Amino acid sequence: MTDPKRTLSPSEISEAALTGWRQDGETIAARFQTKSFATGLELVNRIGASAEQANHHPDITLTYPEVSVTLSSHDVGGITSRDIDLARIVSEHAAALRVTAADHD
């Protein structure tokens, strides 16, 4: 998973073992139960800083009491190693804030 421009197969995405993330077509998504708006905002700010550093930007929705994050590499029309890497960073930020991923519907 080193070529950042190569789309990953469903099995490669599954092998990444991203806890709390699910594949939805050409995206991976997670919802994080922040339990407060302030914690959600802090999570969004941390994700934003990491996204800027990586020059790879997720779709983020902040509501009370959760943050939803969707990742996809729009330039190649699918999920790449950039998405997997940023998903791991997002999960690390959530863990640092003691925020858990929500079950998906």
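Where is the place of Thr34 in this structure? Thr34 sits in the loop between β2 and α2, and the close-up views below start there. Please keep in mind throughout that this is a predicted model.

**View 1. Thr34 in the loop between β2 and α2.** Is Thr34 buried or exposed? With a relative accessible area of 6%, Thr34 is buried, because the cut-off for burial is under 20%. Leaving aside residues up to four places away in sequence, Thr34 touches Thr39, Gly40, Leu43, Pro65, Glu66, Val67 and Val99. Among these partners, Pro65 belongs to the loop between β3 and β4, and Leu43 belongs to α2.

**View 2. Lys35, in the loop between β2 and α2.** The backbone deserves a look here. Phi of Lys35 is near 65 degrees, a positive value, although Lys35 is not a glycine. Lys35 is exposed, with a relative accessible area of 66%, whereas Thr34 is buried.

**View 3. Asn55, in the loop between α2 and β3.** What is the phi of Asn55? The angle is positive, at about 55 degrees, and Asn55 is not a glycine. Asn55 has a relative accessible area of 61%, and it counts as exposed because that class begins over 50%.

**View 4. Strand β4 and its partner β2, an antiparallel pair.** Strand β2 covers residues 27–33 and strand β4 covers residues 66–71. How many bridges link β2 and β4? There are six bridges between these two strands. One place to find on the model is Phe32, which stands opposite Val67 in β4. Phe32 also has a part in View 8, where it is listed among the core residues with the most contacts.

**View 5. Strands β3 and β4, joined as a hairpin.** Two residues lie between β3 and β4. Strand β3 spans residues 59–63, and five bridges join β3 to β4 in an antiparallel arrangement. To follow the pairing, look for Leu62 opposite Val67 in β4, and for Asp59, whose bridge partner in β4 is Thr70. Val67 has already appeared opposite Phe32. In the loop between β3 and β4 you will find Pro65. Which form does the peptide bond from Tyr64 to Pro65 take? This bond is cis, with omega near 10 degrees.

**View 6. Thr70, a residue of strand β4.** Thr70 is partly exposed, with a relative accessible area of 26%. Which residues does Thr70 touch, not counting those up to four places away in sequence? Its partners are Thr27, Ile28, Ala29, Pro58 and Asp59. Asp59 is also the bridge partner of Thr70. For a sense of distance, Thr70 and Asp3 are 67 residues apart in sequence and 20 Å apart in space, from C-alpha to C-alpha.

**View 7. Helices α2 and α3, packed at an angle of about 150 degrees.** Helix α2 runs over residues 37–54 and helix α3 over residues 81–96, with their axes 10 Å apart. Is the crossing of α2 and α3 left-handed or right-handed? The crossing is right-handed. On the α2 side, the contact is made by Leu43, Arg46, Ile47, Ser50 and Ala51, which meet Leu86, Ile89, Val90, His93, Ala94 and Ala96 on the α3 side. Sorted by type, the residues of this contact are eight nonpolar, two polar and one charged. Leu43 is a residue we know from View 1, as one of the contacts of Thr34.

**View 8. The largest nonpolar core, with 22 residues.** Trp21, Ile28, Phe32 and Val69 have the most contacts inside this core. Which elements give two or more residues to the core? They are β2, α2, β4 and α3. Helix α3 provides the largest share, with five residues.

**View 9. Arg88, in helix α3.** Arg88 counts as partly exposed, at 36% relative accessibility. Apart from residues up to four places away in sequence, Arg88 touches Ala16 and Leu18. How far apart are Arg88 and Ala17 in sequence and in space? They are separated by 71 residues in sequence, and their C-alpha atoms are 9.8 Å apart in space.

Notes
Residues are numbered from 1 along each chain as its sequence is written. This is a predicted model: local features need pLDDT of at least 70, side-chain atom pairs count only at pLDDT 80 or more; totals for chains, interfaces and linings use all residues. Side-chain values use heavy atoms; hydrogens and water are left out. Two strands pair if DSSP finds at least two bridges between them. Helices (H or I, at least four residues) and strands (E, at least two) are DSSP runs, numbered from the N terminus. Axes are lines fitted to C-alpha atoms, for helices over the stretch in contact, and angles run from 0 to 180 degrees between N-to-C directions. A crossing is left-handed if the near helix is turned anticlockwise from the far one by less than a right angle, and right-handed if clockwise. Contact means heavy atoms within 4.5 Å. Ala, Val, Leu, Ile, Met, Phe, Trp, Tyr, Cys and Pro count as nonpolar, Asp, Glu, Lys and Arg as charged, and the others, Gly among them, as polar. A nonpolar core is a set of buried Ala, Val, Leu, Ile, Met, Phe, Trp, Tyr and Cys residues joined through side-chain atoms within 4.5 Å. Buried means under 20% relative accessible area, exposed over 50%, partly exposed in between (1.4 Å probe, protein chains only).
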